[in-house]
Amino acid sequence: MTEIKERRLLTPEEYREAQASPEFQELKKRFRAFAFPMTVAFLAWYLLYVLLSTYAPDFMATSVFGNVNVGILLGLGQFVSTFVITHLYVAHAGKRTDPIADEMRNRLEHHEYAPGTRGTGSSFDQGATRG
Amino acid sequence: MGDVLAAESTTIGTPALNIAIFAAFVAVTLVITFRASRNNKTAADYYAAGRNISGTQNGLAIAGDYLSAASFLGIAGAIALYGYDGFLYSIGFLVAWLVALLLVAELMRNTARFTMADVLAFRMRQGPVRTAAAISTLAVSLFYLLAQMAGAGALVTLLLGVTGEAAQALTVVVVGALMIIYVLVGGMRGTTYVQIIKATLLIAAALVMTAWTLALFGFNLSALLGGAADQATAGVDVLAPGAQYGVDDLTRLDFISLAIALVLGTAGLPHVLMRFYTVPTAKDARRSVVWAIWLIGIFYLFSLVIGYGAGALVGPETIAAAPGAVNSAAPLLAFELGGTVLLGIVAGVAFATILAVVAGLTITASASFAHDVYASVIKKGDVPPNGEVKVARITAVVVGAISIGLGIFALQAGLNIAFLVALAFAVAASANLPTIIYTLFWRRFTTQGALWSIYGGLIACVGLIIFSPVVSGGELSLFPTVDFAWFPLRNPGLVSIPLSFLLGWLGTVLTREKPDEPKWAELEVRAMTGIGAEKAVAH
């Protein structure tokens with residue numbers, strides 16, 4: 001990639017071509033398949049926690065052991081779930097989306113999506129499925 | 001406990017020691033800032049530290065930016081006084097980072113150059129959208145600045161033995177002047193180093209206090225909670241939710257509104273977004289958010305111990321009666337544990353916190369004005385190489401002066417810090433986040449949708465605050481003697497955030513304007529693959 005210091009800007013056609021390519025659609029699908037449901041999930045879990053704290057304080061005050069109650073444990077659970085989701089996302093990105101993104105960026109830098117140069121994209125199907 | 005705090009005294013500890021530690025921090029950071037300034041040549045240096053900050057460093061700097069005085073003093077204090085309800089704040093502040101990590105950080109790093117408006121205006125008509133984004137950036141930054149400067153004022157009363165309005169105002173002026181120097185001399189690189197040093201000191205100080213407190217309770221969480229419950233004000237259950245927000249249906253609804261604003265606000269804070277542009281690649285942006293999440297999460301766990309520890313060892317009545325009231329819990333605990341030395345360290349760190357956060361906000365506001373309004377809208381991109389940075393520096397001085405004025409005003413109005421920060425989050429979540437999400441993920445989104453969402457969210461949010469009990473009609477209002485409040489909630493997020501999402505959609509479907517398909521293709525491909533992303537500056 002070093003030789004492309006003075007990079008020629010990509011043309012709108014190249015962007016359209018890259019966007020329409022199957023590998024990009026796969027990249028987008030994989031990104032969204034993780035990020036969107038996970039966002040809904042952690043927001044729902046957070047809202048559940050907020051609603052329980054607001055409208056079910058007695059339940060939250062139920063003692064589990066010693067002075068530690070359900071509310072404290074669910075609160076700490078929010079910390080744990082945040083750390084776990086962070087880890088899952090990094091693992092997902094590293095394994096499922098980064099390889100496609102890196103490969104596409106490399107090809108874009110070499111202007112392989114310029115009109116007329118298509119047809120070499122089949123190698124991506126292999127790149128896209130590994131991992 | 002009460003006896004170490006002579007009732008008639010207005011300060012705790014030794015002001016001279018507190019000032020000495022703070023002065024040492026200022027001296028060290030100024031030297032580093034001057035050294036950092038040698039490499040400040042281009043706009044990318046000034047706004048984005050040459051994009052040379054590593055992911056780890058940036059993670060620390062983000063934590064430094066985010067863990068403001070509201071986090072350190074406000075949350076610990078709220079836990080000490082209200083127990084569980086204070087803990088709820090910190091959870092919202094933390095979970096919010098997942099929105100930034102999953103949906104925003106990397107995509108924005110790949111598409112923008114310096115500011116939030118770079119992304120928002122990417123596929124829209126430049127002039128109107130940039131102007132709107134710059135206005136909301138300035139609005140959020142000023143709200144946040146107001147909170148920090150109010151915090152600075154409250155701290156001096158407590159820690160430096162400065163009393164009297166004139167002396168307090170002078171302290172605010174000193175803080176403001178120092179902050180202007182950091183920004184003018186160091187630019188983003190200097191500011192980043194200040195944030196890193198401050199975050200390290202803050203987390204180390206919190207670690208010491210946490211370990212010390214836990215040791216006193218035999219490293220038994222249950223015993224610590226029991227100690228806090230024993231000391232709690234009669235009738236307050238500090239271990240269960242509801243002490244602060246469970247009073248009636250309205251306070252409960254208010255809490256839900258606050259919770260929504262907290263979780264959606266972070267990813268719309270311009271000074272947080274701007275930090276993503278200081279790293280070389282999107283992967284470094286990801287790494288920095290991961291670091292930030294761990295550091296911030298661990299810090300809030302420390303705050304839980306510090307807050308309950310202050311409740312148990314100092315006692316809520318002593319805290320409430322101390323100058324600085326709820327914000328004094330952490331310093332009072334430090335004094336209880338380690339006497340004047342630990343208090344001096346905590347006080348110095350708290351000041352450093354305010355200084356660093358204020359510097360970060362100032363550079364964001366000045367970058368937005370210079371890059372978005374001056375260079376792109378007024379001059380239509382036709383500016384000499386250094387013209388933009390020059391304007392940014394002038395703007396930084398103006399913003400600094402405004403924040404000094406606001407700080408003196410906030411000090412005299414006696415506004416609550418954590419609460420003001422929550423309002424800044426509400427403005428960010430209402431005016432910025434919906435447009436960011438639509439821009440990045442919705443093909444059909446148009447200029448009209450962006451404008452309706454930004455202005456609609458901003459006006460609704462600020463308008464509802466003006467007509468809420470925060471400003472008028474209550475004992476604790478800004479203007480307690482008049483009453484023009486008709487909106488019952490103290491945090492407007494519950495109404496203004498959904499409204500802004502709705503307006504963005506409505507503005508888009510109600511226009512005949514076609515989305516800019518080529519630009520959408522460019523945005524998507526750049527955001528997802530990183531092609532064409534701004535590179536690091538080689539020195």
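This report walks through a predicted two-chain model, from overall fold to single residues and then to the contact between the chains.

Some housekeeping before the details. Residues are numbered from 1 along each chain as its sequence is written, and chains are lettered from A and ligands numbered from 1 in the order in which they are written. Since the model is predicted, local features need pLDDT of at least 70 and side-chain atom pairs count only at pLDDT 80 or more, while totals for chains, interfaces and linings use all residues.

**Chain B**

Chain B is built from 20 helices and 0 strands; helices here are DSSP runs of H or I with at least four residues, strands are runs of E with at least two, and both are numbered from the N terminus. Its C-alpha atoms fill a box of roughly 70 × 55 × 45 Å along the principal axes. How does the radius of gyration of chain B agree with that of a compact globule? For 539 residues the rule gives a value near 24 Å, and chain B has 23 Å, which agrees. The radius is taken over C-alpha atoms, and the rule is 2.2 Å times the number of residues to the power 0.38.

Of the 539 residues in chain B, 67% are buried. Buried means that 20 or more other C-beta atoms lie within 10 Å of the residue's own; exposed means 12 or fewer, partly exposed is in between, and the C-beta atoms are placed from the backbone. Two residues are in contact if their C-beta atoms, also placed from the backbone, lie within 7 Å. Of the contacts in chain B between residues at least 6 apart in sequence, 82% join residues at least 24 apart.

The largest nonpolar core holds 240 residues. Such a core is a set of buried Ala, Val, Leu, Ile, Met, Phe, Trp, Tyr and Cys residues joined through C-beta atoms within 7 Å. Helix α14 (residues 329-378) of chain B gives the largest share of this core, 31 residues. Ile296(B) is among the residues with the most contacts inside the core. Residues up to four places away in sequence aside, Ile296(B) touches Ala63(B), Tyr66(B), Leu67(B), Leu94(B) and Trp97(B).

Next, helix α12 (residues 282-313) of chain B. Its 32 residues, at 1.5 Å a residue, should span 46 Å, and the end C-alpha atoms are 45 Å apart, which agrees; the expected span is 1.5 Å times one less than the number of residues. α12(B) is mostly covered, with 27 of its 32 residues buried. After α12(B) comes Gly315(B), whose phi is positive, near 95 degrees.

**Single residues**

A few residues make a handy set for checking local environment.

| Residue | Place | C-beta atoms within 10 Å | Class |
|---|---|---|---|
| Ile21(B) | helix α1 (residues 15-36) of chain B | 21 | buried |
| Ala49(B) | loop between α2 (43-48) and α3 (55-66) of chain B | 29 | buried |
| His111(A) | loop between α4 and α5 of chain A | 14 | partly exposed |

Ile21(B) is in contact with Gly344(B), Ile345(B), Ala347(B) and Gly348(B), leaving aside neighbours within four places in sequence. Ala49(B) is not a glycine, yet has a positive phi of about 50 degrees. His111(A), not a glycine either, has a positive phi of about 55 degrees.

**Chain A**

Chain A has 5 helices and 2 strands, in the order α-α-α-β-β-α-α along the sequence. Buried residues make up 29% of its 131 residues. The mean pLDDT (the predictor's confidence in each residue, from 0 to 100) of chain A is 83, and 82% of the residues score at least 70. Among the elements of chain A, α2(A) has the highest mean, 95, and helix α5 (residues 123-129) the lowest, 41. Residues 119-131 of chain A have pLDDT below 50, and this stretch has 16 contacts in the model beyond near neighbours in sequence. Where pLDDT is low, the predicted coordinates should not be read in detail.

**The contact between the chains**

The contact takes 45 residues from chain A and 43 residues from chain B. On the chain A side, α4(A) gives the most, with 17 residues. By class that side has 29 nonpolar, 12 polar and 4 charged residues. Here Ala, Val, Leu, Ile, Met, Phe, Trp, Tyr, Cys and Pro count as nonpolar, Asp, Glu, Lys and Arg as charged, and the others, Gly among them, as polar.
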